[in-house]
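Subject: Structure for your review

Dear colleague,

Please find the structure below, together with its sequence. My notes on what was found in it follow directly after.

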Amino acid sequence: LTWEAAVPVGLRRSPARQDSLRAHNLALVLQQIATSEALSRARIASLTGLTKATVSSLVDDLVQAGLVTELGPEARGAIGRPASALTLNRVGLVGLGIEVNVDYLAVCVTDLAGTARYLRTRIGDNRRQSPGQVLGRAVRMARSAMDAAAAEGLTVAGLAIAVPGLVEAEQGLLRLAPNLGWTDVLVGDFLADRLTPPGLPVLVDNEANLAALGELWFGGHEDLAGFVHVSGEVGVGAGIVVGRELFRGVRGFAGEVGHVSVQSDGPRCRCGARGCLEQVAGQEAILRAAGLAGEAGTSMGQPGGSVAELLARARAGEPRTLRAIHSAGHALGIAVAALVNVVDLDTVVLGGLYTVLEPWLREPLARELSERVLAQPWSPVRVLASRLGPDAAVRGAAGAVVKRVLSDPAAVLGSAGRRGG
Ligand SMILES: [Zn+2]
């Protein structure tokens, strides 16, 4: 590998250097507007080091493309051209997020400022069904979300789908979803073929990855520098974030904490191995250990569902339920301690089902962490409950689309130009 190969793509010399410089500056200006309340052109110029004329021209393009809106002139500047404050356009482009999980589907529309404008969840067991059936339902939910967005004057800039398995993001390919029994599903193509307009960008990613990003972007945490977000569902997945960036591993498969062995001779997992974390601390395993039905329609939020019953029993102090959750917390602690020892993280965020079980999981989990994490005496690992709970992945999916728009506004300008001409 040469040094050249390690330079970020945007910085490489190319014949289109002027174009890429402008693209870079558009992103720079938009980032300033996104991270501040209301900025004037002059203030952006002083923050970025660009000339006022350049900033004005870039801002005009961003306003034209519907990414930025002017709040109107400030009356104070009596002399000269009044300064008008700039902010992200909340009634322009939006991101559409979809989540396909083992026992529910969800969709979310998020505006450029990160506000969820539409969020729907549909509980229902997706196992023993073809990918076409399940994804077909997700497409119908996505169409309803797009109609709702259009009714508010919002335009979907792209969509991202969160799926529970190994994803090859470049091809939009779901390689393996053990709990759904799916292999090699071209999820990206399926959606692109059925959702209009044609050419709408489609991202496919692992649900635990998107849940971690959702928590990072929208969870309202002040200081999440290095954390693992563990999503407890039927499967157990983790998203690892270091320095505000998702750690994906070499092939994008990082974070499969559900298949870390916590009992070398434990129950057989759907992946073929024995004693995987999700066979001991996954949703079905906890329900079974508590004497409740682990099958269909168990997701939280469903009145009368098994998870609602589990919570009611835990609150009532029912001993078998408490033992089941405790033993899940113990197993979770073993797996998470291994992860923390290897990767060096300071925070564990409990997501999905674990969010609502946090009051009972905390003690056994913290005990395993304090016993097993070598650095614990000097840098104790924090345990937090997710602020987004089961919505984290679908919020992260919609957010990923928005983040892409904010980091590369030139792509939006380009496609707006093509649409116009
Ligand atoms: Zn496994």
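How many disulfides does the structure hold? The answer is 0. Please keep in mind throughout that this is a predicted model.

The zinc site

Cysteine does have a part to play at the zinc ion, where Cys269, Cys271 and Cys276 each coordinate the metal through SG. His259 is also a donor, through its ND1 atom. The distances from these atoms to the zinc ion run from 2.0 to 2.3 Å. Along the chain, the donors follow the spacing H-x9-C-x1-C-x4-C.

Why is the arrangement around the zinc ion called tetrahedral? The 4 donor atoms subtend angles of 106 to 120°, and four donors count as tetrahedral if all angles lie between 85 and 135 degrees. For comparison, the ideal angle for four tetrahedral donors is 109.5 degrees.

Two of the donors can also be described by their accessibility. Cys269 counts as buried because its relative accessibility is 6%, and buried means under 20%. Cys271, at 39%, counts as partly exposed.

Aromatic rings

A search of the whole structure finds 1 aromatic pair. Its members are Trp217 and Phe218, whose rings are arranged edge-to-face, with 6.2 Å from centre to centre and 70° between the planes. Trp217 has a relative accessible area of 25%, so this residue is partly exposed.

Which residue lies over the face of Phe218? It is Arg395, at 4.6 Å from the ring centre. Elsewhere in the list of ring contacts, Arg194 lies over the face of Phe190, and here the value is 3.6 Å from the ring centre.

Salt bridges

The structure holds 17 salt bridges. I describe some of them here.

One of them joins the side chains of Glu70 and Arg41, at 3.3 Å from N to O. This pair links distant parts of the chain: Glu70 belongs to strand S1 (residues 68-73), Arg41 belongs to helix H3 (residues 41-48), and the two are 29 residues apart. Are these partners buried or exposed? Arg41 is buried, because its relative accessible area is 12%, whereas Glu70, with 36%, is partly exposed.

A salt bridge also forms between the side chains of Arg175 and Glu168, with 3.0 Å from N to O. Arg175 has a relative accessibility of 33% and therefore counts as partly exposed.

In a further salt bridge, the closest N and O atoms of Asp223 and Arg382 are 3.5 Å apart. This pair, too, links distant parts of the chain, with the two positions 159 residues apart in numbering. Where do the two residues sit? Asp223 is in the loop between helix H7 (207-218) and strand S11 (226-232), while Arg382 is in strand S15 (residues 382-385). Asp223 is partly exposed, with a relative accessible area of 46%, and Arg382 counts as partly exposed at 30%.

Finally, Asp125, Arg127, Arg128, Arg270 and Glu284 are joined into one network by salt bridges that share partners.

I would suggest reading these notes with the structure open beside them.

Yours sincerely,
A colleague

Methods
Residues are numbered from 1 along each chain as its sequence is written. This is a predicted model: local features need pLDDT of at least 70, side-chain atom pairs count only at pLDDT 80 or more; totals for chains, interfaces and linings use all residues. Side-chain values use heavy atoms; hydrogens and water are left out. Donors are N, O and S atoms within 2.8 Å of the metal (3.2 Å for Na, K and Ca); water is not among the atoms, so sites may look incomplete. Four donors count as tetrahedral if all angles lie between 85 and 135 degrees; four count as square planar and six as octahedral if opposite donors are over 155 degrees apart and all others between 65 and 115; anything else is irregular. Buried means under 20% relative accessible area, exposed over 50%, partly exposed in between (1.4 Å probe, protein chains only). Rings of Phe, Tyr and Trp (its six-membered ring) pair if their centres lie within 6.5 Å; planes under 30 degrees apart count as stacked, over 60 as edge-to-face and the rest as tilted. A charge sits over a ring if NZ of Lys or CZ of Arg is within 6 Å of the ring centre and within 35 degrees of the ring normal. A salt bridge is a side-chain nitrogen of Lys or Arg within 4 Å of a carboxyl oxygen of Asp or Glu. Helices (H or I, at least four residues) and strands (E, at least two) are DSSP runs, numbered from the N terminus. A disulfide is a pair of cysteine sulfur atoms within 2.5 Å.
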